[in-house]
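Hello,

Please find the structure I promised below. My notes on it follow, starting with the whole chain and then going through single places.

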Amino acid sequence: MTFLDRFLLAATALLAAPLAQAQTAAPAAQLPPEQAALKSHVQFLASDAMHGREAGTRDYEVAAEYVAAQMLAIGLQPGVEGSWFQPFKLVAYKPAEKAKWSLVRGGSEIPLQFGIDFVNTPVPATPDFKAEAGIVFAGYGLVYPEGKRDDYKGLDVRGKIVAVLPGVPDGLPDAVEAHFSDDEQKAAIAQKKGAVAVIVLESLAQREQFPFEAIVPYYDYERTTWARPDGTAFATAPGAPPVGYLGPVGAEKLFQGAKIKWQDVLAAQRKATKIPTGALPGILKVASKTRLVTRATRNVVGLIPGSDPTLKAEYVVLSAHLDHVGVGDAVNGDRIYNGAMDNAIGVSTMLEVARKFIASGEKPKRSMLFIALAAEEKGLLGSDYFAHYPPVPKDRLVADVNMDMPILTYPLVDVVALGGERSSLGPVIEAAAASEGLKVVPDPSPEEMFFVRSDHYSFVKAGVPAVSLDTGPGGEGAEAQKKFLAENYHKPSDQIDLPFDWNSAAKYMRLNYAIARALTDAPERPRWNKGDFFGVQFGGHGAE
């Protein structure tokens with residue numbers, strides 16, 4: 001136990017004594033059992049004793065043991081080959097050094113200057129990465145048939161280093177924009193086209209938001225991914241990884257002597273016209289050394305086997321992330337980021353839905369998996385690992401309903417099903433909501449791109465119809481959500497003393513139960529809407 005651990009435990013004990021006396025003097029009103037059960041999980045998981053449940057720490061492990069014990073008490077079965085746990089490794093990675101790059105033209109080697117022309121980025125799947133190849137500029141690097149866009153049309157990038165602009169042009173749907181704004185997704189396209197590496201050039205939009213010169217001092221910030229069972233770090237495009245970022249000076253050097261001019265690329269961005277693309281002269285030599293540090297963590301998985309002889313081979317998933325952000329900078333003297341709403345209440349809901357299934361005495365026809373996910377706060381890593389290595393056949397995962405930070409401080413009148421409009425899950429959720437007197441409303445903030453920012457998105461990328469169920473803006477909702485995001489989100493004040501509306505929490509739990517029950521007992525498995533971008537992109541059932 002560290003000095004900090006001992007100090008925090010002592011401080012907790014000192015603070016607890018007067019609190020206990022106050023509770024004795026003025027006992028709180030007794031909650032109905034359904035609400036009390038929800039609160040009890042939050043009270044433990046978001047307590048100071050959990051130190052914020054950061055994935056990869058002992059505190060997270062204690063929280064995981066608690067969830068497994070609750071699953072056992074409820075009557076679930078272990079969901080991973082006789083175990084409650086799906087262990088995996090987190091891989092923290094960052095550049096090990098300032099790289100040396102150069103351009104070779106006409107027999108001469110032109111050094112590129114770190115911090116002036118470029119910064120290298122880490123390559124976790126290949127810690128000592130090198131490439132030497134010709135260069136092709138592919139604009140934004142998008143292939144989007146639904147939008148009649150192919151930035152690789154007429155380009156041969158086999159064996160080449162592809163240069164792309166960050167972000168996307170105006171006019172793409174919000175969720176599609178969010179998907180393609182990820183450099184890793186652009187690298188995946190480049191890899192399919194035969195490229196060996198990707199470099200990103202500063203766009204005008206990026207320069208306005210966060211110019212190259214401001215990025216340089218932070219080039220070696222730490223990122224996190226997960227390790228495959230063989231120990232190698234996961235990357236979306238290991239065969240054509242993003243290896244560096246070029247500022248305007250470096251981009252200008254790259255385009256010198258080319259048929260297309262860097263100034264023409266800038267002009268096309270300003271006018272929102274077609275970006276000129278094509279081969280650039282010379283050979284680019286790039287390198288990136290990466291430092292890796294691994295830590296163990298785990299998902300917690302419980303199972304209710306299905307009762308139908310045929311349908312029991314299919315699995316409906318109910319998920320919620322268990323981790324939060326741990327101990328951080330002090331706010332009003334408090335350094336523990338408890339994560340009551342984010343996401344102890346989601347895990348609490350999942351557990352109580354499981355209890356409701358067992359208490360009903362009626363087994364679901366399909367099998368149910370209840371998953372408390374690790375490392376959502378580090379980039380949806382627990383769900384991504386699970387989606388790549390599920391303990392059941394991948395093609396038997398038929399739906400995921402995710403619960404992530406439902407803000408429950410007000411009377412609930414509506415909900416938002418992120419992604420519900422993309423598959424047959426939408427109508428199921430609407431019917432279940434109506435049974436609780438709730439409406440399903442569109443995402444009030446599509447520009448925030450929440451669809452790709454929670455764990456259900458890992459299931460989407462595995463081709464599984466998936467939604468994340470949020471509380472809605474109706475009634476007092478919009479103001480309550482605004483207040484929470486401004487005052488409590490990722491702050492120590494996200495704790496049990498928030499003004500939880502436990503009646504709304506119980507209603508939210510019953511809604512998730514109704515959705516899960518409908519999905520497990522329906523005669524047909526959920527389907528993507530025909531032609532849906534994400535369904536087609538990831539080979540989902542019913543999309544083609």
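**The chain as a whole**

The protein chain has 16 helices and 21 strands. Please keep in mind that this is a predicted model. The mean pLDDT of the protein chain is 93, and 95% of its residues reach 70 or more. The stretch to treat apart is residues 1-27, where pLDDT stays under 50. For those residues the model has seven contacts beyond four places in sequence.

On overall form, a compact globule of 544 residues would have a radius of gyration near 24 Å, and the 25 Å of the protein chain agrees with that. Along the principal axes, the C-alpha atoms of the chain fill a box of roughly 85 × 55 × 45 Å. Of the 544 residues, 52% are buried. Taking contacts between residues at least 6 apart in sequence, 82% join residues at least 24 apart.

The protein chain exposes about 23300 Å², and carbon and sulfur atoms supply 54% of that area. There are 55 positive and 64 negative side chains, and the centres of the two sets lie 6 Å apart.

**The cis bond and Asp342**

The peptide bond from Asp342 to Asn343 is cis, with omega near 10°. Asp342 lies in helix α10, and Asn343 lies in that helix too, which covers residues 340-360.

Is Asp342 buried or exposed? Asp342 has a relative accessible area of 2%, so it counts as buried, the cut-off being under 20%. Leaving out residues up to four places away in sequence, Asp342 touches Arg53, His321, Asp323, His324, Glu377, Asp404, Met405, Tyr489, His490 and Asp494. Leu322 is 20 residues from Asp342 along the chain, and the C-alpha atoms of the two are separated by 8.6 Å.

**Two positive phi values**

Lys148 is not a glycine, yet it has a positive phi of about 50°. Lys148 is found in the loop between β7 (143-144) and β8 (149-150). With 79% relative accessibility, Lys148 counts as exposed.

Leu380 is also a residue other than glycine with a positive phi, here near 60°. Its loop runs between β17 (367-373) and α11 (381-388). Leu380 has a relative accessible area of 13% and is buried. The two residues thus fall on opposite sides of the cut-offs, which are under 20% for buried and over 50% for exposed.

**Around Leu380: Val452 and helix α11**

Val452 is one of the residues to look at next to Leu380, since the two are in contact. Apart from neighbours within four places in sequence, Val452 is in contact with Ala175, Ala178, His179, Leu380 and Tyr457. Val452 and Leu380 are 72 residues apart along the chain, while their C-alpha atoms are separated by 9.7 Å. Val452 is placed in the loop between β20 (439-440) and α13 (456-460), and is buried with a relative accessible area of 15%.

Helix α11 follows the loop that holds Leu380. Why is α11 described as largely enclosed by the rest of the structure? Seven of its eight residues are buried. These are Leu381, Gly382, Ser383, Asp384, Tyr385, Phe386 and Ala387. What covers them includes the strands β2 (85-95), β11 (223-226), β13 (278-304), β17 and β18 (397-402), along with α13.

**Arg295 and Ser435**

Strand β13, one of those covering α11, also holds Arg295. Arg295 has 31% relative accessibility and counts as partly exposed. Not counting residues up to four places away in sequence, Arg295 touches Glu54, Ala55, Gly56, Thr57, Phe88, Lys89, Leu90 and Lys378. Arg295 and Trp226 are 69 residues apart in sequence and 9.4 Å apart in space, C-alpha to C-alpha.

Ser435 is found in helix α12 (residues 425-435). With 53% relative accessibility, Ser435 counts as exposed. The C-alpha atoms of Ser435 and Arg525 are separated by 21 Å, and the two residues are 90 apart along the chain.

Best regards

Definitions and conventions: Residues are numbered from 1 along each chain as its sequence is written. This is a predicted model: local features need pLDDT of at least 70, side-chain atom pairs count only at pLDDT 80 or more; totals for chains, interfaces and linings use all residues. Side-chain values use heavy atoms; hydrogens and water are left out. Helices (H or I, at least four residues) and strands (E, at least two) are DSSP runs, numbered from the N terminus. The radius of gyration is taken over C-alpha atoms; the globule rule is 2.2 Å times the number of residues to the power 0.38. Buried means under 20% relative accessible area, exposed over 50%, partly exposed in between (1.4 Å probe, protein chains only). Contact means heavy atoms within 4.5 Å. Accessible areas come from the Shrake-Rupley method with a 1.4 Å probe; for residues, only the protein chains shown count as cover. Lys and Arg count as positive and Asp and Glu as negative; His and the chain ends are not counted. The place of a charge is taken as NZ of Lys, CZ of Arg, CG of Asp or CD of Glu. pLDDT is the predictor's confidence in each residue, from 0 to 100.
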